[in-house]
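Colleague: Please pick one part of this model and take me through it slowly, from its setting to its side-chain contacts. I would like the cut-offs behind each term as you go.

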Amino acid sequence: MYEDGASTPRGAVTTVSAAASQGIAELLEGPVQPAVSLGSSTHIAWFGVGNAVVVLGDGDAVRNPNAVIIAGDAAPDVLAAVGPNILLGDGSMAVGSHRVSVVRWWDPHPALAAAAPDIVRLFLSAAATLVPPVDADDLGTALSAGEPEAIVAAAAQCVGRGTGLTPTGDDLLTGAFGAYGLIGEALDASGPVAVLAAVAPAVEDLLETTVAFSADLVRHALAGRVAGPVAQVLRALVGRSPLDDSVEALLAVGHTSGRALAQGVLIGAEAACGAA
């Protein structure tokens, strides 16, 4: 029997539709299990399931790789019903008297068009005029060289740094790792993806020192799964999306997250060009 955290029987539950990231399909389509509320803000609430995080949001929420987006006007009522625990699985989430049913999926691993390093660098030069500079030379150098130990050492200087729902240093890593692997794929370079797989276990250990929300986004980035605004900038860097509009949209994410994500994207994309 599918029941919510207050033991409300399923027959009393109102069903609403949602779209979800394929990055959390295994959790959402697997057996029903409890999830613990970790927090909420204006447009989202987020829940912990082991070391994974599932984000439930309204239509204005960012399409993160761990997100479920509620369709229509039901989102405020659903988010207002969030308690200390919910249930998820079997294709849905039980939140108070609501059953959020996943009816659509999106792929958070964008299939970027093939590109040459010179083309990506051309767009990177233009993007750099739009994104505030950041001092992260150690991370960029380590990624360009593809040196796992140096990458982990640079990541250790970023994890948990800064304040907010997702610390600035975590956002920087999320953007850098996501761009490094995905632009590497667009350049038909196998090195970046292999390097990220090699550093993932050590980075996982580092993530124990930061907040669950951003730690989960770093994990997704290591696997090539990124938020919608990040994916749009990556498409722009291979010439398949308007650059200025894409960067502007990413910079508008959160209070500081968009800027740090954008800075990380530029670092990771440049490093992928150097590794190609």
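Modeller: I will take helix α8, whose buried residues are Phe213, Ser214, Ala215, Asp216, Leu217, Val218, Arg219, His220, Ala221 and Leu222; buried stands for under 20% relative accessible area, exposed for over 50% and partly exposed for what falls in between, with a 1.4 Å probe and protein chains only. This is a predicted model, in which local features need pLDDT of at least 70 and side-chain atom pairs count only at pLDDT 80 or more, while totals for chains, interfaces and linings use all residues. Residues are numbered from 1 along each chain as its sequence is written, and side-chain values use heavy atoms, with hydrogens and water left out.

Because 10 of the 11 residues of α8 are buried, the helix is largely enclosed by the rest of the structure. Helices (H or I, at least four residues) and strands (E, at least two) are DSSP runs numbered from the N terminus. In those terms, the surroundings against which the buried residues of α8 pack are the strands β3 (44-49) and β4 (52-57) together with the helices α6 and α7 (191-206), where contact means heavy atoms within 4.5 Å. Beyond the end of α8 comes glycine 224, which has a positive phi, near 85°.

Among the buried residues are charged ones, and here the salt bridges come in; the term covers a side-chain nitrogen of Lys or Arg within 4 Å of a carboxyl oxygen of Asp or Glu. Arginine 219 has a relative accessible area of 19%, so it counts as buried, and aspartate 216 is buried as well. Their side chains meet in a salt bridge of 3.6 Å, N to O, and both residues belong to α8, three residues apart, about one turn of the helix. As background, an α-helix has 3.6 residues a turn, so residues three or four places apart point the same way.

Arginine 219 also forms a salt bridge with glutamate 204, and there the closest N and O atoms are 2.7 Å apart. Since arginine 219 lies in α8 and glutamate 204 in α7, this pair ties together parts that are 15 residues apart in sequence. Glutamate 204, with a relative accessible area of 26%, is partly exposed. Taken together, Glu204, Asp216 and Arg219 are linked in a network of salt bridges.

The structure holds three salt bridges, and one of them joins glutamate 270 to arginine 121, with the closest N and O atoms 3.3 Å apart. That pair links distant parts of the chain, for glutamate 270 is in helix α11 and arginine 121 in helix α3 (residues 117-128), 149 residues apart. Glutamate 270, at 35% relative accessibility, is partly exposed, and arginine 121, with a relative accessible area of 30%, is partly exposed too.

Finally, α8 also takes part in the largest pocket, since α6 (168-186), α8 (212-222), α9 (228-237) and α11 (257-275) each supply at least two residues of its lining. On a 1 Å grid over the protein atoms alone, a pocket is an open set of points where a 1.4 Å probe fits, with protein on both sides within 12 Å along at least five of seven lines, and lining residues have an atom within 4 Å of a point. About 660 Å³ of space lies in this pocket, and of the 31 residues that line it, Val62, Leu165, Val253, Gly254 and Ser257 are the closest to its centre.

Notes. Grid points are joined across faces, edges and corners, and a volume is the space filled by probe spheres set on the points.
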